[in-house]
Amino acid sequence: MAERTDRHHWAPPLHADPDHRKQSHPARHNAARRFPGTRPRLFWFGCGLLAFAGVMALFGPWLAPYDPTLPVGPPLQPPGAGHPLGTNDIGQDVLSQLIAGARTSLVVALAVATISAALSWLVGLAAGLSRRLEAPLIGLADLLLALPSIPLYLLIVTLVGPSQTNLILTLGLLSWPAFARVVRSVVIRIRAEPYVEAARGLGGSSVHVARRHLLPATLDILPTKVILTVRFAIFAEATLAFLGLAQSGTVSWGSMLSWAFSDPLLFARPVWPWLVLPPAVAIATVILATTWVTTGLQHAPATHASGTPAETAGRHLARAAPLPAEGPQRGEPLAGRFS
């Protein structure tokens, strides 16, 4: 029975179900209306595109109709029955090169994402938990963020030599600072939550607090970091390969573009559509797919959050924390495209 507060206003009883007030919150209605029990369609479409690219990379040697490194037809043959995407100026099949380039680009992207995600997570945790390590680690991150990225990548790859391993290590070891700062901010915010203070007051050790509350919240945002780094690495590998800093003899989408643009008469003849468009469309499609997947991960439905308080807080932080775009953000023409 409702309790009367004054002559005209009636309040619900104190023992009323608290979930009623939560369900009537306007923000929850908005979230449910935008994402009615599922993620956006573009999220699943992006996942499908990435899965298709993964199948191309995984089963490339069996899917490619020809050896991508050997001349198999007349030079500059237009798309037809024998060569669906035509041939380049030395007779190599463009479709076979496109499939082989998917393996090279995705292997580099996944390796860079693994190194960068692990490094940024460890550095962010250390900076958020230790006051002694916070200043040097965040100072190093700020220094790397302040350096011009494209010239730095070019300098390092030129000094150590153009190879796939050096490219992976260079991109992986230099793309962690922005997300390490995000992980540090999440750790600091979770440490100030009331339930974490209560756990400490009840005798919980630092190891228990970190394992029970901090680790789930930080691990919850790692998938977004991985997808962002894959997007960054795809474009960075294509850029460096286009500039001639890829391993010699390796077929990638960037090297296909570099080979096509090395012809001074490329646009003077009607051959550029099957030499330029396939690798360019492949790069743009994968980058667009990762953007859709990242948007879906950041806008997960709040009405379906479940789990421990730390996991729920981690989901909210994953949606609320400003996830920085990977790579350079310092006003360079090429660098601005990484985000």
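**Notes on pockets, helix packing and aromatic pairs**

1. Phe 43 makes a good starting point: with a relative accessible area of 7%, this residue is buried, because the cut-off for that class is under 20%. Please keep in mind throughout that this is a predicted model.

2. On to the aromatic pairs, of which there are five. In one of them, Phe 43 and Trp 44 place their ring centres 4.8 Å apart with the planes at 80 degrees, so this pair is edge-to-face. Phe 45 and Trp 292 have ring centres 5.5 Å apart and planes at 40 degrees, so their pair is tilted. Phe 45 belongs to helix H3 (residues 41–58) and Trp 292 to helix H14, so this pair ties together parts that are 247 residues apart in sequence. Phe 45 itself counts as partly exposed, because its relative accessibility is 46%.

3. Helix H14 deserves one more look. Ala 284 lies in this helix, and counts as partly exposed because its relative accessibility is 45%. Ala 284 and Ile 234 are 50 residues apart in sequence, while their C-alpha atoms are 9.6 Å apart in space.

4. Now for the largest pocket, which holds about 450 Å³ of space. Its lining numbers 23 residues, and those nearest the centre are Gln 97, Thr 250, Ser 255, Met 256 and Trp 259. Helix H5 (94–129) and helix H13 (253–261) are the elements that give two or more residues to this lining. H13 provides the largest share, five residues. By class, the pocket lining has 10 nonpolar, 11 polar and two charged residues.

5. What do the buried residues of H13 pack against? Their partners are H5, helix H12 (222–242) and helix H14 (272–298). The buried residues of H13 are Trp 253, Gly 254, Ser 255, Met 256, Leu 257 and Ala 260. Ser 255 and Met 256 are thus worth viewing twice, as they are buried in H13 and are also among the residues nearest the centre of the largest pocket.

6. Finally, the cavities: there are two of 30 Å³ or more. The second largest cavity has a volume of about 80 Å³. Its lining consists of Thr 104, Val 108, Ser 163, Gln 164, Leu 167, Glu 237, Ala 246, Gln 247, Thr 250 and Ser 252. H5 and helix H8 (164–174) each supply at least two of these residues. The classes here are three nonpolar, six polar and one charged. Thr 250 appears in this cavity lining and also among the residues nearest the centre of the largest pocket.

Terms used: Residues numbered from 1 in each chain as written. Predicted model: local features only at pLDDT ≥ 70, side-chain atom pairs only at ≥ 80, totals over all residues. Heavy atoms only, no water. 1 Å grid on protein atoms, 1.4 Å probe; cavity = no way out; pocket = protein on both sides within 12 Å on 5 of 7 lines; lining within 4 Å. Points joined across faces, edges and corners; volume = space filled by probe spheres on them. Helix = DSSP H or I, 4+ residues; strand = E, 2+ residues; numbered from the N terminus. Nonpolar A, V, L, I, M, F, W, Y, C, P; charged D, E, K, R; others polar. Buried < 20%, exposed > 50% of the residue type's maximum accessible area, 1.4 Å probe, protein only. Contact = heavy atoms within 4.5 Å. Phe/Tyr/Trp six-rings, centres within 6.5 Å; stacked < 30°, edge-to-face > 60°.
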